[in-house]
Amino acid sequence: MISLIVPCFNEQHNLDALYRRLIEVMSAQPLAFELILVNDGSTDQTLQAIQALSRQDKRVRYASFSRNFGHEAASSCGFELARGDAAILLDADLQDPPELIPQMIERWQQGAQVVYGKRTSRSGESLGKRATSYLFYRLLNRLSSTPIPADVGDFRLVDRVVIDHFNALPERNRFVRGMFSWVGFRQEAIPFTREARHQGETKYNWLKLFVLAFDAVTAFSVSPLRLCSLVGLLVTLASFSAAIVVSLQKIFWGMPIPGYAFATAGMFLLGGVQLLFLGMIGEYIGKIYTQVQGRPLYIISETEPSKESTGEPQG
Ligand code: UDP
Ligand code: MG
């Protein structure tokens, strides 16, 4: 059986189209499937739409969060609920084409344990977003100790073995696609074109994207911490050499030591560098703090009423 996992945050206008296209694709498949819709604290009619789907089709299961916990928490929840031999994570807005699913399943049956979609082009997204996303993946890969493939979103098929390892990871700071890279196993890519959103607006504004990027870097790299030591060392060496040069000039050539412009500039520079790195260290301490608090990743306030049959295809 295949579990399809879809995190939904205010996606009421996409759900019917999504359901229709998924059913079309999956009914051409011999495999049974379940559709797990995770309502991430939507404020529109998403939950009602999900409930309606679940009433009319027993293969539709859902969990509804008590508030918005974010895409990473919603996908983690989906993987925990999944009962399939493999699960496929995809967006509700049809930016991840369901038509790619048969290819993914085929690769899986040939032995791949993770099959991810790699975007070859993205229509309907601004130049700014594409450029920053391009830079982000390259930077992340430079910094990260595990290679994380570039231009790969969360759209992927994951084998049961990998799901179990993923579910066992205890971290609260979850950058899902990075975590799957970290887990390893046989991973393959399928190129696809990322379409524009079916309906509605992206839920990621610049601030949310920036936070995601920061979470990703801190979750997969301690290089920023190392950078502190490196820059500290360079600044120390430079100021030490400057001190020697100035002293020699004074002793041997009797040159007057110039005024405090240099001293003040140096002070501000150092102050700035120190604050910057304090902040960087603070980022990691904050992550340690949330981890130690040990709060759950999400709280489910409602799930589908229990159904007698499990996994049996029904209309
Ligand atoms: N999403 C979510 N919680 C959030 C934000 C987004 O579950 O806090 C879901 C959203 O409903 C969609 C997917 O995550 O199914 C991707 O979101 P979106 O399309 O806004 O992101 P983009 O495609 O612009 O990166
Ligand atoms: Mg989208």
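**Ligand shell, backbone outliers and confidence**

In this predicted model, ligand 1 is surrounded by 16 residues. The closest are Pro-7, Phe-9, Ala-92, Thr-202 and Lys-203. Strand S1 (2-8) and helix H3 (71-81) are the elements that give two or more residues to this shell. By residue class, the shell around ligand 1 divides into six nonpolar, five polar and five charged residues. For the complex, the predictor gives an ipTM of 0.93 and a pTM of 0.76.

Backbone geometry was examined next. Most residues other than glycine have a negative phi. Asn-10 is not a glycine, yet its phi is positive, at about 50 degrees. Asn-10 sits in the loop between S1 and helix H1 (15-27). Asn-10 has 19 C-beta neighbours inside 10 Å and therefore counts as partly exposed; a buried residue would need 20 or more. Phe-185 also has a positive phi, near 70 degrees. The loop between helix H7 (176-183) and strand S7 (187-194) holds Phe-185. Phe-185 counts as partly exposed because it has 13 C-beta neighbours inside 10 Å; the exposed class ends at 12.

Confidence varies along the protein. The mean pLDDT is 86, and 96% of the residues reach 70 or more. Confidence is highest in strand S4 (residues 86-89), at 96. Helix H10 (residues 261-293) has the lowest, at a mean of 80. Over residues 309-315 the pLDDT falls below 50. This stretch nevertheless has 11 contacts in the model beyond near neighbours in sequence. Where pLDDT is low, the predicted coordinates should not be read in detail.

Definitions and conventions
Residues numbered from 1 in each chain as written. Chains lettered and ligands numbered in written order. Predicted model: local features only at pLDDT ≥ 70, side-chain atom pairs only at ≥ 80, totals over all residues. Near = placed C-beta within 6 Å. Helix = DSSP H or I, 4+ residues; strand = E, 2+ residues; numbered from the N terminus. Nonpolar A, V, L, I, M, F, W, Y, C, P; charged D, E, K, R; others polar. pLDDT = per-residue confidence, 0-100. Contact = placed C-beta atoms within 7 Å.
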